[in-house]
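Work through the following exercises with the sequence and the model at hand. Each task is followed by a solution in steps.

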Amino acid sequence: MTLLNLHDLVQKYYLSNDFNVLADKTKHDYRYCAWSLLSTKVDGKSLSEIRLTKMTGAIARRGYEQWLVRGIYQANAITSVARKVYSFGMEMGYAEANPFSTFKRKTPHARNTVWTKDQVVQFLDVAYSEFRYRNIGLIVQMAYEWCQRVGDMRMLQFTTIDFDKSVLNLQQSKRRSVVHLPISVDLLEMLVQQREDYGFQPYVVPHYKPLRGVYKTYSMVRLSKVGRRVMDMANLPSELRLMDLRRTGTTEMVEAGVPMGQI
């Protein structure tokens, strides 16, 4: 145990049954959070190099303070993965304590920001005007029309779309519920075009350029970064977030008188 560092522990976790039984989307998100964890430097030393016996709650907390610069949600996600990795290490006898459980995570403020319809149109006009932003635009349009999380939309696969019946059969990542959502005529046309352009690989809206010959999904951080770029190009207010689109669509349904049970 004394010879293991945090990088070693993460690699052992990747080989564990705990990790292998996770959904593909969850594995993708965990790997990104673990990469963020290992690449963080505290007092000039990378966390990946710190031996498990030398890792303290104070070091973990200073790492958390750095992640908070990216936002509370991101910081809490990285910490959550770090806790899971250490819990696995304790169960396997690699670690004696969990330094990431010694501090309380911050609670993000509840957001109530919604987009106007005109703002959604402004975003889509800019995104669809350039090929490199088209997939970002489609992620936004799907999240808005279907009132779903942008995280689920970025991982959407063609196998979930019934093109003949114009229905999306989606298993939501958070609740694991399966929902069957109608596809509008305009959105279906976009999805048919996506199938023609990207149907040779599984993802509906991957990054528009392949990485070493392989098309990959947008990470949440990159999705947010590119989304912000498009928002700036569309001269949209800085307080808007892509995550607000699900709330926006739901709010519009409530205002239109759609029963809560149907929503």
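**Exercise 1: backbone angles in two loops**

D43 is exposed, with a relative accessible area of 66%. The model is a predicted one.

Task: State what the sign of phi is at D43, and in which loop D43 lies.

Solution.
1. Most residues other than glycine have a negative phi.
2. D43 is not a glycine, yet its phi is positive, at about 55°.
3. D43 sits in the loop that joins β1 (41-42) and β2 (45-46).

Task: Do the equivalent for R212, giving its phi, its loop and its exposure.

Solution.
1. R212, also not a glycine, has a positive phi of about 50°.
2. The loop between α9 (185-198) and α10 contains R212.
3. The relative accessible area of R212 is 76%; the cut-off for exposed is over 50%, so R212 counts as exposed.

**Exercise 2: the two faces of α6**

Task: Determine which residues of helix α6 (residues 117-127) are buried, and explain why they lie on the same side of α6.

Solution.
1. The buried residues of α6 are Q119, V120, F123, L124, V126 and A127.
2. Around the helix axis these residues span an arc of only 165°, which places them on the same side of α6.
3. An α-helix has 3.6 residues a turn, so residues three or four places apart point the same way.

Task: Identify which exposed residues the opposite face of α6 carries, and what the buried residues pack against.

Solution.
1. K117, D118 and D125 are the exposed residues on the face turned away from the buried side of α6.
2. The buried residues of α6 pack against α7 (131-146), α10 (220-233) and α11 (244-255).

Key:
Residues numbered from 1 in each chain as written. Predicted model: local features only at pLDDT ≥ 70, side-chain atom pairs only at ≥ 80, totals over all residues. Heavy atoms only, no water. Buried < 20%, exposed > 50% of the residue type's maximum accessible area, 1.4 Å probe, protein only. Helix = DSSP H or I, 4+ residues; strand = E, 2+ residues; numbered from the N terminus. Arc of directions from axis to C-beta. Contact = heavy atoms within 4.5 Å.
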